[in-house]
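Me: I am new to this structure and would like a close look at a single part of it. Please take the strands and the loops around them, and go through them slowly.

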Amino acid sequence: MSTLPDTIADSIEDAAFLDPPANAATNLLHRLLPAGRLKDLLSGTPLGHPAHPMLVTFPIGTWLSVSFLDVVGGRQSRATARRLVAMGTVAAVPAALTGASDWSDTMGAERRVGLVHAAANWAAIGLYASSWNARRKGRHAKGVGLAVLGAAAVGFSGWLGGHLSYSIGVGVDTTAFMTGPTEWTDALAESDLVDGRPVNVMVGVVPVLVMRRDGQVFALSDRCTHRGGPLHEGDVVGDCIQCPWHSSRFNIHDGRVVRGPATRPQPRFEARIQDGRVQVRQVGEQHALRTNPVASSEAR
C-alpha cells in the first residue's frame with residue numbers, strides 16, 4: 001500500500017497538465033542560460049557537484065532561526081528576527097537561480113516535480129518578503145503568521161527537493177552505479193575504429209565510448225554523468241567530446257569536465273590494442289556501491 005507522501009509524489013509526476021508551463025519556462029531558461037561560464041557557475045561545475053543543495057542551506061537556516069525567535073525570543077528579539085527574515089529572503093534568490101538552472105535540464109516527471117518544487121520555493125520567498133514588510137511596519141503578529149506559512153512552503157518544497165534527488169536521481173552522477181571491468185576485457189575490433197570518430201560498445205553491462213585519434217585509443221563511459229546523454233552521438237570539439245543533450249564537454253584523454261553543466265568527470269578506461277582487438281579496463285578503485293550493480297548477495 002502506498003503511503004500518503006508516495007501518493008502525492010506520484011500524482012505530481014503524472015500531472016501532464018503541468019507540461020505546457022514547465023516547457024515554456026525551460027525554453028526561456030535555455031535562451032537566457034546557454035552553455036557557458038554563467039551556466040557552469042549556476043550548475044556548480046567549478047565545485048565538482050551541484051551548487052543548489054549547498055546554497056539552500058543558508059536561507060533555510062536563517063528562516064528556521066526566525067521561527068525559533070518568534071516562539072521563544074520575546075519582544076527583544078523582534079529586530080533580530082526581522083533582519084534574519086531579510087537575510088534569508090535575499091539569500092534564497094541565488095539558491096533559486098541555481099535550482100532553475102538544474103531544473104531546465106530535466107524532462108518528463110522530473111520536470112513536473114521540479115516545477116512544483118520551484119513554485120513552492122518562490123511562494124516561500126514571497127511570504128517571507130511579506131513577513132519582513134509587515135514586521136518593518138510594526139505589524140508583528142501578521143509577520144509571524146506569514147513566516148509560519150513561509151516555513152510550511154519551505155518544508156513542502158524541501159520534501160519535493162529530496163524526492164527529486166533521492167527518489168528520481170536528479171543531480172546524481174548517472175554513472176554512479178555502473179561498474180566497469182578491472183581486468184583487460186575485449187571491446188571491439190581495431191578495424192571498427194575510424195580515426196576521430198567515437199564508437200559506442202557494450203562492455204559487460206557498461207556502455208563505453210571508444211575513439212582512436214593520432215594513433216592513440218581512448219575510452220570513457222558513454223553515458224554522460226550529467227543527465228545520461230549518449231556521448232558517442234555528440235561532436236568532437238578539439239580534445240573534447242560534447243554531449244548531444246546539454247552540451248557538456250569532457251576531455252577525451254582523462255574524462256575531466258571542460259564545460260558544464262556537468263559537474264562530475266566521465267569515468268575513464270584504459271585502452272590497448274592486442275592482436276587486432278581493442279581491450280579496455282576501468283581506471284582506479286571501484287567504489288563500494290559500484291561493485292554490486294545486480295544486487296548479488298555475494299557482494300555483501
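Reply: What follows goes through the strands and their loops, then one loop residue that touches them, and ends with the aromatic pairs.

The model is a predicted one.

Begin with the open sheet. Its 4 strands come in the order β5-β6-β7-β8, and their pairing is antiparallel. At the edges stand β5 (235-237) and β8 (257-259), each of which pairs on one side only. From one strand to the next the twist averages 35 degrees. Within this sheet, β7 (residues 249-251) pairs with β8 in the antiparallel sense, over 2 bridges. R249 is the residue that stands opposite R259 in β8.

The loop between β6 (240-242) and β7 contains S247. S247 is not a glycine, yet its phi is positive, at about 70 degrees. S247 counts as partly exposed because its relative accessibility is 21%, and the buried class covers values under 20%.

On the other side of β8 in sequence comes the loop between β8 and β9, where P261 has its place. The peptide bond that leads from G260 to P261 is cis, with omega near 20 degrees.

Both G260 and P261 are touched by a residue from another part of the chain, T45. T45 sits in the loop between α3 (37-43) and α4 (52-55). Leaving aside residues up to four places away in sequence, T45 touches D40, V257, G260, P261, A262 and T263. One of these, V257, belongs to the edge strand β8 (257-259). With A262 there is also a polar approach: a polar atom of the T45 side chain lies 2.9 Å from the backbone oxygen of A262. T45 has a relative accessibility of 15% and therefore counts as buried.

Now to the strands that pair with β10. Strand β9 (residues 268-274) and β10 are antiparallel partners, with 6 bridges between them. Q274 stands opposite R277 in β10. β9 and β10 form a hairpin with 2 residues between the strands, and D275 in that hairpin takes a positive phi near 55 degrees. D275, which lies in the loop between β9 and β10, is not a glycine either. Is D275 buried or exposed? Its relative accessibility is 78%, so D275 counts as exposed.

Strand β10 (residues 277-282) has a further partner in β1 (residues 185-189); the two run antiparallel and are joined by 4 bridges. Here T185 stands opposite V280 in β10.

Last come the aromatic rings, which take the view to the helices. A search of the whole structure finds 2 aromatic pairs. W63 and Y128 form a stacked pair, with 4.1 Å from centre to centre and 5 degrees between the planes. This pair links distant parts of the chain, as W63 is in helix α5 (residues 57-72) and Y128 in helix α7 (residues 108-136), 65 residues apart. Both W63 and Y128 are buried.

In the pair of F156 and W159, the ring centres are 6.0 Å apart and the planes stand at 35 degrees, so this pair is tilted. F156 and W159 share helix α8 (residues 140-168), where they are 3 residues apart, about one turn of the helix. F156 is partly exposed, at 33% relative accessibility, and W159 is also partly exposed, with a relative accessible area of 31%.

Definitions and conventions:
Residues are numbered from 1 along each chain as its sequence is written. This is a predicted model: local features need pLDDT of at least 70, side-chain atom pairs count only at pLDDT 80 or more; totals for chains, interfaces and linings use all residues. Side-chain values use heavy atoms; hydrogens and water are left out. Buried means under 20% relative accessible area, exposed over 50%, partly exposed in between (1.4 Å probe, protein chains only). A polar contact is a pair of N or O atoms within 3.5 Å; within protein, one must be able to donate a hydrogen and the other to accept it, and residues adjacent in sequence count only if both atoms are side-chain atoms. Contact means heavy atoms within 4.5 Å. Two strands pair if DSSP finds at least two bridges between them. Axes are lines fitted to C-alpha atoms, for helices over the stretch in contact, and angles run from 0 to 180 degrees between N-to-C directions. Rings of Phe, Tyr and Trp (its six-membered ring) pair if their centres lie within 6.5 Å; planes under 30 degrees apart count as stacked, over 60 as edge-to-face and the rest as tilted.
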